[in-house]
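Visitor: Before we begin, may I ask you to justify the terms you use as we go through this model?

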Amino acid sequence: MELGEIVGADNVLTDEADLVCYSYDATERSHMPDAVVFPRSSEEISKIMKLANEKRIPVTPRGSGTDLAGGPIPIKGGIVLDFNHMKKIIEFDEANRVIIVEAGLTLRELNALLRKKGYYFPVDPGSSPSATIGGMISTNASGMHSPKYGTTGDHTLGLEVVLPTGEIIKTGSRCLKCVSVGHILTRLFIGSEGTLGIITKATLKVHTPPEFYSVAMGSYADIQAAGRAISEVIRRGLPVSAVEYLDGNITKMIRDFTKLPLPDVAAMVFVECDGTKEEVNRNLAIVEEILKKEAVKLERSATKEEADKLWAARKAAFGTISRLKPTAITEDPTIPVSKLPEYIRSLDEIAKKHNITIVTYGHAGEGNLHPVLMVDERNKEEFARAREAIPDIFKAALELRGTITGEHGIGLSKADYVEREFGKEGVDVVRKIKRVLDPNDVLNPGKMGL
Amino acid sequence: MAEITLKKPIEKVEKELMGCVRCGYCLEGCPTFDYYGLESATARGRLRITLSMLKDQLKLNDFAMKRIFQCFFCSHCEVVCPAGLKIVDALNAARIGMVSSGKVVIPETITAAIQNLDKTGNPYGKPLVERARWIPTNVTISQGSSTIYYPGCTAAYVEQPIAQASAEALQASGVKFTVLGEKEYCCSGFAFWAGYKDVYDDIVEKARESFISAGTQELAVSCAACYHVFNQHLKKEGPRVVHTAQLFAELLDQGKLKFPGRFEATATYHDPCHLGRQEEVYEEPRKVLENIPGLKFVEMGRNRKKAECCGGGAGVAGTAFPIPSLDRGEWRVREAIDAGANAIVSTCPFCYRFLTLAAKRRRLPIKIYDLNQVINQASKG
C-alpha cells in the first residue's frame, strides 16, 4: 500500500517548493521531509504508521510549526503528518464542561466556539493565534496565565492516540477522576513531543472566563529591581493569574509593533489578578504596594479591553524580536522564583562574556524566562559565539537548581543537554519506554535525546 | 543567467526574508491558507520559498512560481506580523525575479493581460477609442479643468456604471472636472503585481506625464487599486491624488454633497485591500454611508485593517486562480449576510466584480454596489 492509496493522492505533497515549507519550525533549524501527508482520520494515521514500520520511514507529526525547540522538524526526512484536515469538534458536553476535539483544531478556533457559549480554554501560549490542540498537548504548552491555570496537560482528561506501530488507543475518560489502568497513560503522552504516539483526539476541560481582570505594570530602571519585585509577589503567595517580565529591549520592540505607550525603561513587570471586580481590586492593591517599592512608574489597566491589548502585545513578543536582529535563538530555562535577580544577573554576564545581545522576557511568576540570543546567522563568527553561550545559560539555571526548559520542550535544541539535568539513567528510562512503543524508531526520530 | 535575473530583485528584500522568525501569526486570517490549507500558501511559507531560492536551496520551477502567484497580495499578514515585515514587497520581488528569469511558465491569463496592456494600453485588450464611451450624455466635461476624474480600465471598459455614477455624483456636487479619455493611461498596477516591473515602470511614468501635461492639480480616482498606485507613484511629483470616497467625504463636510434622495438598504462596507490596509483610508467611506438617508449601516466582524480580501488578489491571483478567489469572495459575502446586510458597498471596481461574481455563483441574497453608485442615487431627488 502506498501513501496516496491511504489518504488520496491530493493529500500527499512531494514537490520541493511545498516540502521546504514543512522543513522548519520557529527555531533556526530545518530539514527537508520527503513527503507531507494530510490524514483525515485516526484510521488513516494507523495505516500510515503500519506502512512506516514496514518500510522503516520516519514520520514526524506537526501542528502549526510554531515550536521553539525543533520538535516538528523532520530531522531524518520521511513523512510530515499535517493535521489541517482533522479539526472536527466531536462533542461539546456542556453539562459536564467537557469538549472532545480533533488534534488539528487550533486554540483560536476552539476559543471562538467556546466563547460564543460563555466558556473558554484558559491556557494561552504566545503562539495562540495558530497553535493546534495536538501540538499544545504534545508539548504541554503553557503561557502567560499558567500561575493560575497551569499547563495544557492540567486540562486534558483523555486522549485518543495512534501508537507508533499503528494501534489506536484511548487513555483517560471524560470524568474528572479516572484510575485508568493504574498508570495515568494520558500523562505519558502529554509533553512527549510526538515521540511516543500521535495524539488524534483530546478530551478537554473547559472553564468560565473570569468576571474581571486587571494588570498592574511596574517600570524599573534596574533589571534586578524588577526581579526582586517578582520574587516578593510570589513569596507573599498572592492569588495572581499572570506575572510577566520584559526587559527594555523587548519592551521597545513591542512598543514599535503595537504603538502602545510603553515606557523606555530597563525592565517592566506585568502582574494580573482575576476574579470578581472586588477581589481583583483588593489583590492588585497589595501587588501594587510591592511593585512600587523600587518602580519608577506604576500603572494599572482600567478595563478588560485594556488588559487584553497588553496581553496581545506581550504574546507577540517573540515575533517582534527580528526587529533587532534577524536570527533569534530562544531558550526557556526555569529557576526557582526567589533566584530571579541572581539569574537575570547571570544572563547579563553571559551576554558580556560571549559578546552577544541577549533579550529577556518570560513568565517570571514561575521563574520561566525566555532569554533570546539575538544574532545574524550570516555572521558566522557571531553565530558561533551565540552557540557557545547556550550551555552557559543552561549551566547557570542548573546551578540555581532550575531546569533547562520550562515549557518549550526538548526537541532538537536541548537533546544534547537533557542528560546533564536528569543523568543518563534518568533519560534511559524514557529511552526504554520509547523502544517498547516504537521498536523501529519511526516516530519523530532523533528528538529529545532518545 | 536565469538565476542571476531571478535573484537580483530578491537580494534587495533579503532583510524581509531573513526577518521572519516563523512565529505563525500570519496564518490567522490569511485567505489563501484558509482556502488551500497548506503551509506553502502562507506568508511564512512563501517567504521561505523565496529565501530558499536565494540561498540555492530550492530550484525555481513552475510549482514554486504557482505558490508565489497564488498569493492575493491582500497584506493581511503585514498588519498581524509582529516583526513588521514588508511581505508583499518581498513576494513581489520574487514575482519580478521569476518573470525576468524566463524559467517558468507564467499563467496564460496573466501573460495575455500583459500583452493586451502592451498592445492596447489596457489589460482587457479593448480598443483605445472605446476608453471614453462610458461618459453619459448628461454629464458635462469641463475641458481644461485642473481636476481630472480617472475611472481606471475596469470602470472605463467593463464596469461602466461605476464610472458613470462617479461622474454624475461629482457633477451633482458641483465639481467641475475633465477626463483624459483616449489619452488616459492604465495605472499598470496589474503589471507591477504580476511581476512585470519594466512594463509597469514604463506605463505608470507615461500616466504621470499625462497628468502633468494636462495641468492636473487634483486626480480623483474611483478605483482603489489605481488610487494606491498613483498615490505612491505621484508622491514626489504630480497632482494631489484623492479617492472619490475621500473627495465625497470632503464635499459632505463642505455642504456641497447633498442627499435629497434615499438609498433603501441595510448595507455594510467592504474595505478594499488597496484602499484600507495599504492606504489606511477607513473612515471616509463609512462617514458618507452613515449620512445617506434610508441606508442602515452595519459592520462586518472583520473590518478595517482586519477585513477579508474580496478574492480579487490585485487582479493577478483572481484571474490566474479564479476558484480560490471566488471561494474567498463567497466567504466575504456570507460574512456580510451574517452581519444582517442586504447590500455590500465597496470602493473598488475589482471588489465589486469579484463580490458580484461570488454572490451570483451561489445565488446569495445580497446586492453589491460601488460607493459612487450609492452616492449618485441618493444625490438625485
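Guide: The conversation below takes the helix pairs, the sheets, the domains and the chain contact in turn; the model is a predicted one.

Visitor: Why are H8(A) and H13(A) called roughly antiparallel?

Guide: Helix H8 (residues 223-235) of chain A and helix H13 (residues 340-354) of chain A pack at about 150°, and their axes are 8 Å apart. Angles over 145 degrees count as roughly antiparallel. H8(A) is therefore roughly antiparallel to H13(A).

Visitor: Which residues of H8(A) and H13(A) meet?

Guide: H8(A) brings Ile223(A), Gln224(A), Gly227(A), Arg228(A), Ile230(A) and Ser231(A), and these meet Leu340(A), Pro341(A), Ile344(A) and Arg345(A) of H13(A). By class, this contact has 5 nonpolar, 3 polar and 2 charged residues. The crossing of H8(A) past H13(A) is right-handed.

Visitor: Why are H1(B) and H4(B) called oblique?

Guide: Helix H1 (residues 2-11) and helix H4 (residues 43-54) of chain B pack at an angle of about 125°, with 10 Å between their axes. The range 65 to 115 degrees counts as roughly perpendicular and angles over 145 as roughly antiparallel, while the rest, beyond those under 35, are oblique. H1(B) and H4(B) are therefore oblique to each other.

Visitor: What makes up the contact of H1(B) with H4(B)?

Guide: Leu6(B), Lys7(B), Ile10(B) and Glu11(B) of H1(B) meet Thr50(B), Met53(B) and Leu54(B) of H4(B). These residues divide into 4 nonpolar, 1 polar and 2 charged. H1(B) passes H4(B) in a left-handed crossing.

Visitor: Why is H4(B) called oblique to H5(B)?

Guide: The axes of H4(B) and helix H5 (residues 62-69) of chain B come within 10 Å and cross at roughly 140°. Roughly antiparallel requires an angle over 145 degrees. H4(B) is therefore oblique to H5(B). The crossing of H4(B) and H5(B) is left-handed. Arg46(B), Ile49(B) and Met53(B) of H4(B) make the contact with Ala64(B), Arg67(B) and Ile68(B) of H5(B). By class, the contact of H4(B) with H5(B) has 4 nonpolar, no polar and 2 charged residues. Met53(B) also appears in the contact of H4(B) with H1(B).

Visitor: Turning to the sheets, what makes E1 and E3 of chain B edge strands?

Guide: In chain B, 3 strands form an open sheet in the order E1-E2-E3, with parallel pairing. Strand E1 (147-150) and strand E3 (240-243) each pair on one side only, and they are the edge strands. From one strand to the next, the twist averages 25°.

Visitor: How do you know that E2(B) and E3(B) pair?

Guide: Two strands pair if there are at least two bridges between them. Strand E2 (residues 218-221) of chain B and E3(B) share 4 bridges in the parallel sense, so the criterion is met. Leu219(B), for example, has Val241(B) in E3(B) as its bridge partner. Helix H14 (residues 244-253) of chain B packs on this sheet and touches E2 and E3, its direction making about 85° with that of E3(B).

Visitor: In what order do the strands of the chain A sheet lie?

Guide: In chain A, 5 strands form an open sheet in the order E5-E6-E9-E7-E8, and the pairing is antiparallel. The edge strands are E5 (89-93) and E8 (168-172), each pairing on one side only. The twist here averages 10° from one strand to the next.

Visitor: What makes E5(A) and E6(A) a pair?

Guide: E5(A) is joined to strand E6 (residues 98-102) of chain A by 4 bridges, and the two run antiparallel. At least two bridges are needed, so E5(A) and E6(A) count as paired. Ile89(A) stands opposite Val101(A) in E6(A). Helix H3 (residues 42-55) of chain A lies across strands E7 (156-162), E8 and E9 (198-205), running at about 50° to E7(A).

Visitor: Into which domains is chain B divided?

Guide: Chain B is divided into domain 1 (2-101), domain 2 (109-251) and domain 3 (259-379). Between domain 1 and domain 2 of chain B, 6 residues of the former are in contact with 5 of the latter.

Visitor: How many residues does each chain give to the contact between chains A and B?

Guide: Chain A gives 28 residues and chain B gives 25. The side of chain A that touches chain B divides into 13 nonpolar, 9 polar and 6 charged residues.

How values were computed
Residues numbered from 1 in each chain as written. Chains lettered and ligands numbered in written order. Predicted model: local features only at pLDDT ≥ 70, side-chain atom pairs only at ≥ 80, totals over all residues. Axes fitted to C-alpha atoms, helices over the stretch in contact; angles between N-to-C directions. Contact = placed C-beta atoms within 7 Å. Domains from an automatic or database assignment. Left-handed = near helix turned anticlockwise from the far one by under 90°. Nonpolar A, V, L, I, M, F, W, Y, C, P; charged D, E, K, R; others polar.
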